[in-house]
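Here is a short briefing to read alongside the structure. Have the viewer open, and we will go from the chain interface to a pair of helices and then to the salt bridges.

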Amino acid sequence: MEEKKIENDGKDIVLDVRDLRINIEMDEGTLTAVRGVNFSIKKGETLGLVGESGCGKSLTSKAILGINEKKCKTTGQIVFDTDGRGMVDLLSLSPKGKEIRQVRGKQISMVFQEPMVAFSPLYTIGNQINECTRLHITKDRKKSREISLEMMKKVGIANAEKRYDQYPHEFSGGMLQRALIAMALVCNPKLLIADEPTTALDVTIQAQILELMKELQKDLNMAILFITHDLGTVAAMCDRVAVMYLGKIVEIAPVKDIYAAPAHPYTQGLIGSVHKIGTKKEERLFSIEGTVPLALNLPPGCGFYERCGKRIEGVCNVKEPELTELSDGHAVACHLCGGCQGCAFGANSGEEAKKDAE
Amino acid sequence: MPNNKRSILEINHLTKDFPSKKVCVHAVSDVSFQINEGETVGIVGESGCGKTTMGRCVVRAIPATSGEVIYYPEKGEPVDFLTIDKNRMKELRKDIQMIFQNPYSSLDPRMTVLDIIKEPLTANFPGMSKAEMEEKVMDIAGKVGLNVSYLKRYPHAFSGGQRQRIGIARALVLKPRVIVCDEAVSALDVSIQAQVINLLKDLQREMNLTYIFISHDLSVVEHISDKVGVMYLGRMVEYAETEALFSRPRHPYTEALMSAVPVADPDVKMDRIPLMGEIPNPANPPSGCYFHTRCRCCQQKCKEVMPEYREVEPGHFVACHYAEEWELRGFHYEEEVQGEQKNRQG
């Protein structure tokens, strides 16, 4: 397949996702899992993708690698700065073709959520890390072993020579996650997608892994797409945060702004529902009522309408809010906040928004 | 009520070994603590530290190797859960229930929700009429926020948060006094987690429940608990009132654990105290203090002598030789303004 050349105005942009939509055909109808997602990642930057389960964050990340199941119908553009070919729309490549395979695992790689599941129990760890190097770097077994060993040492696996020939069941969870990171980084990728890399781990191990990822990011100057639902790790890891809800990005901002002045009611709810140690004990945690609706036959209007504490009838359930920029780099999709200068969230009058909707 | 300092459970020297052909894993060794009625005790620790095994021993889901679990029933003499005969235990089981971690695997997919919540009743009150049982189920389902008209459905039709509510309803239907929550909210999304935590707190106030809240999530434990116990390699290393423990930890392990908690605030720099290596093998624990292989304050004495679990301050128990000497850092508690950012003490 012939790839399209795409213009790119930003210089350092590694990945640019434009209007990504994923539909899944099901017996009950079409599930609109991702509904027009736009974001970009620069070199050396960490973008956090936050949201509850079922909001489409994992599908988005898998779409970048083209490893979603066949039934996922994906449209839009995923523009990636490939080595040698310049900007290429990954979606225009055949998902089984040669071109995407050179990207997958080499230039973009992924760390999966559960290290115990991600490894095959039948092969040694070394063998599995090697697979990547031998595909992409060298066919020479000896050399490839050296490269793999070096990476294993880099991610802090003690006794790497011995560990190399061990099977996954001989590793603990934290060590396996390190091995998984080694496998992802062995080809020096430009972009690392980390899908909840620490959710299955203990806090102490989690902190180790996060620090490790930060260090390696500095060394290799790679971009990280960090997918999680844990706002604590986001604060520690990310430069910018995109909050997803029901297949859409509802807010995107630098990490400081997200915590200091969350604009979307959903973001506010997410941050409010995390208890901070050391704050005065409130009897109740703030909680968002209800659950994420299934994205089947969605009604018009804002996807968060049913659960929102600040909804305005006649506005929010009529028109879907667009992502509008509040300040530099801080955009939000909410009728209450869109385009209102200096509004402290929700201070904007509902009247104005009503007029807009009409 | 919280002020009523009546003891409800006393766990003394609880030990659980899992012997196998070659080795013996000491999953829980010599754990002691006491719980008052209406209190929440949080148990934290890394995976494999024995917190779940401890919880299961307390409800006698698995038999403990030695020790005692003294329970003070509403009426009558205190009894030891571990030694009383099965019939009496069955009677007392109504008073102590458990909520499990995974709401997807702890509910039988072939039973309707009504049957799931009803099962404890049929098991414990064989004489009760069907109508009465259903009335009780409806009552409790309403309390935990389940839509009563959905009770005829099967668990697969419910979301994670709803399923956890079903698990809570099942535990509550017998009107227990103590509930062991084993990672009850860990599998849930943050917003749902907050809902369930609020629910647990409301129910506690309403029904004067006592919780043993087992979790690896320190911020959740800090929010919900009155007292917190920290476990390491099958032993309780520290046990104190929540604020005392978090603001001034006395055990280096507690300190390291707390420093690893990511804070939802980008202004707070993570200043982690590194823990070297991994948890040692519980079948072959290190000599002396179990923690000495990873401790930043390790001394010669720690390698040789096992520290005693002792009370250093009223209500503050620590198993460390040098508990009084270390100036360990904890969380800084803000008293005045809500929501203000906290800093970790340097």
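Let's start where the two chains meet: about 4100 Å² is buried between chain B and chain A, with carbon and sulfur atoms giving 54% of that area. Please keep in mind that this is a predicted model.

**The interface between the chains**
- On the chain B side, 46 residues are in contact with 43 residues of chain A.
- Salt bridges between chain B and chain A number zero.

**Two helices of chain A**
- Helix α7 (residues 173-185) and helix α8 (residues 203-220), both of chain A, have axes that come within 10 Å and cross at roughly 15°.
- Because of that angle, α7(A) counts as roughly parallel to α8(A).
- The crossing in which α7(A) passes α8(A) is right-handed.
- From α7(A), the contact draws on A:G174, A:Q177, A:R178, A:I181 and A:L185.
- α8(A) brings A:I205, A:Q208, A:I209, A:L212, A:M213, A:L216 and A:L220 to this contact.
- Sorted by character, the residues of the contact of α7(A) with α8(A) are eight nonpolar, three polar and one charged.

**Salt bridges**
- Over all chains, the structure holds 25 salt bridges.
- One to look up is the salt bridge of A:E45 with A:R240, where the closest N and O atoms are 2.8 Å apart.
- This pair links distant parts of the chain, with the two positions 195 residues apart in numbering.
- A:E45 sits in the loop between β2 (29-42) and β3 (46-50) of chain A, while A:R240 belongs to strand β9 (residues 240-245) of chain A.

Technical notes:
Residues numbered from 1 in each chain as written. Chains lettered and ligands numbered in written order. Predicted model: local features only at pLDDT ≥ 70, side-chain atom pairs only at ≥ 80, totals over all residues. Heavy atoms only, no water. Axes fitted to C-alpha atoms, helices over the stretch in contact; angles between N-to-C directions. Helix = DSSP H or I, 4+ residues; strand = E, 2+ residues; numbered from the N terminus. Parallel < 35°, antiparallel > 145°, perpendicular 65-115°, else oblique. Left-handed = near helix turned anticlockwise from the far one by under 90°. Contact = heavy atoms within 4.5 Å. Nonpolar A, V, L, I, M, F, W, Y, C, P; charged D, E, K, R; others polar. Buried area = accessible area lost by both parts, 1.4 Å probe. Salt bridge = Lys/Arg side-chain N within 4 Å of Asp/Glu carboxyl O.
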